[in-house]
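Visitor: I have the sequence and the model open side by side. Could you take me through what lies behind the words used to describe them?

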Amino acid sequence: MPARLAKKENRMQTFVNIFLGFFIFESVGAAPITETLIYDSEFYDIPLGELPHPFVYDENEQSDQLETEIGTALPSIIQESYSSAPLTEESDEEASTPKLIDGSSAQGSGVLGPQTQDGLPTCLLCTCLGTTVYCDDHDLDAIPPLPKKTTYFYSRYNRIRKINRNDFANLNNLKRIDLTANFISEIHEDAFWRLPQLEELVLRDNRIRQLPELPPTLTFIDVSKNRLGRKGIRNEAFKDLHELQHLYITDNNLDHIPLPLPESLQALHLQNNNIQEMHEDTFCKMKDFNYVRRALEDIRLDGNPINLSKTPYAYMCLPRLPVGNLI
C-alpha cells in the first residue's frame with residue numbers, strides 16, 4: 001500500500017513540473033521584445049519616436065557583427081576619420097608643427113615664441129599668459145617679436161629708445177600697448193595706425209617729442225610726462241578718433257589745448273602744462289546755445305598759468321566746470 005501511494009505522488013509531482021514549465025515558457029514567449037537602439041550623433045536632437053531607421057541590436061549576432069554595429073554609435077566625423085585614407089606627407093608635416101602658447105603656429109621659432117635679439121624665445125625671456133605678454137622690468141632696449149595672437153602687451157620699466165615701423169606688424173588682435181617708463185624718444189609714423197583693434201595706448205613717462213598717426217579705434221590714450229611741447233601734437237590729431245573716451249597729456253609743456261576734441265571724450269587731463277589761454281568755443285558751440293556736451297565730465301587744467309574765470313561762456317555746455325585756477 002505505501003509503495004502505491006509513493007508512485008502516485010511521483011506522478012503528480014511530474015505532472016505539476018511539466019505544467020509549470022509549460023506555463024513559464026508561454027509567459028516568456030508572450031513578453032514583448034525590447035529593441036536596443038544605437039544612435040548616430042546626427043540624431044541626438046531628434047525625439048526617439050521620430051527616428052527614421054532605428055538600429056536594432058540582435059543578441060544572436062556573432063561578435064564581429066556586434067563590433068561593427070556598436071561602431072555606428074560613433075559620431076559621423078569620427079567614423080570618417082577612421083575610414084579615411086592614410087595621412088599624406090603634407091598632413092604629417094602639419095601635425096608635427098609645434099604651436100605657440102597662444103595656439104598660433106610657431107613657424108620654426110619654437111613653442112615659446114619667436115627668437116629675440118638676445119637669442120631667447122619671447123615667452124621664455126618674458127611671461128606669456130594666454131594672449132597677454134608681460135615684459136616688465138627686463139632691461140629690454142627694443143620691442144621683442146610677439147606671437148601673432150597677442151592681445152595685451154606690457155613692457156614697462158625697460159630701456160626701449162625707439163619704436164620701429166614693423167615692431168607691431170601683423171598683430172591684428174592687439175588691443176593694449178603699455179610702454180610706461182622707458183626711454184622712448186622716437187616713434188615711426190606708421191608704428192600704430194595699422195593695428196585694426198588697438199584700443200588702449202599708454203606711453204607715459206618717456207621722452208617722446210612727436211606723436212605718430214593714431215588708429216581711429218583708440219578709446220584710451222595716456223602720453224603724460226613726455227616732451228611734446230608746442231609742436232609735438234599735429235593739428236587735428238584727435239579729430240577722427242570717434243571712440244576716444246580718455247585723453248591724458250599731463251606734464252608735457254603744452255601751450256594749447258589740442259583741438260578739435262571728439263564728442264565721445266569723457267575725460268581730458270592737461271594739468272601741469274603751459275596753457276595760458278582758452279577760447280569760448282574750445283568745448284562748446286557759441287552759435288548754438290542749445291548744445292550740451294554731456295559726455296565730457298572730467299577736465300583737469302590745474303597746474304597751468306590760465307585763469308578760467310576769464311572765459312565763463314566756454315563751460316556753458318559742460319555738465320561740470322573744469323578743475324583749475326579761477327583767479
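Visitor: Why is Pro319 called partly exposed?

Guide: The relative accessible area of Pro319 is 40%, and since buried means under 20% and exposed over 50%, with partly exposed in between (1.4 Å probe, protein chains only), Pro319 is therefore classed as partly exposed. This is a predicted model, in which local features need pLDDT of at least 70 and side-chain atom pairs count only at pLDDT 80 or more, whereas totals for chains, interfaces and linings use all residues. Residues are numbered from 1 along each chain as its sequence is written, and side-chain values use heavy atoms, with hydrogens and water left out.

Visitor: What does Pro319 touch, not counting residues up to four places away in sequence?

Guide: Contact means heavy atoms within 4.5 Å, and on that basis Pro319 touches Arg293, Arg294, Leu296 and Glu297. The C-alpha atoms of Pro319 and Arg293 are separated by 7.2 Å, although the two residues are 26 apart along the chain.

Visitor: How do you know that strands E5 and E7 pair?

Guide: Strands (E, at least two residues) are DSSP runs numbered from the N terminus, and two of them pair if DSSP finds at least two bridges between them. Strand E5 (residues 176–178) and strand E7 (residues 200–202) are joined by 3 bridges and run parallel, so the criterion is met. Within this pair, Ile177 stands opposite Leu201 in E7.

Visitor: What makes the sheet with these strands open or mixed, and which strands stand at its edges?

Guide: The 9 strands follow the order E1-E2-E3-E5-E7-E8-E9-E10-E11 in an open sheet with mixed pairing. Strand E1 (127–129) and strand E11 (298–300) stand at the edges, and because each has a single partner strand, one side of each is left without a neighbour in the sheet.

Technical notes. Helix = DSSP H or I, 4+ residues; strand = E, 2+ residues; numbered from the N terminus.
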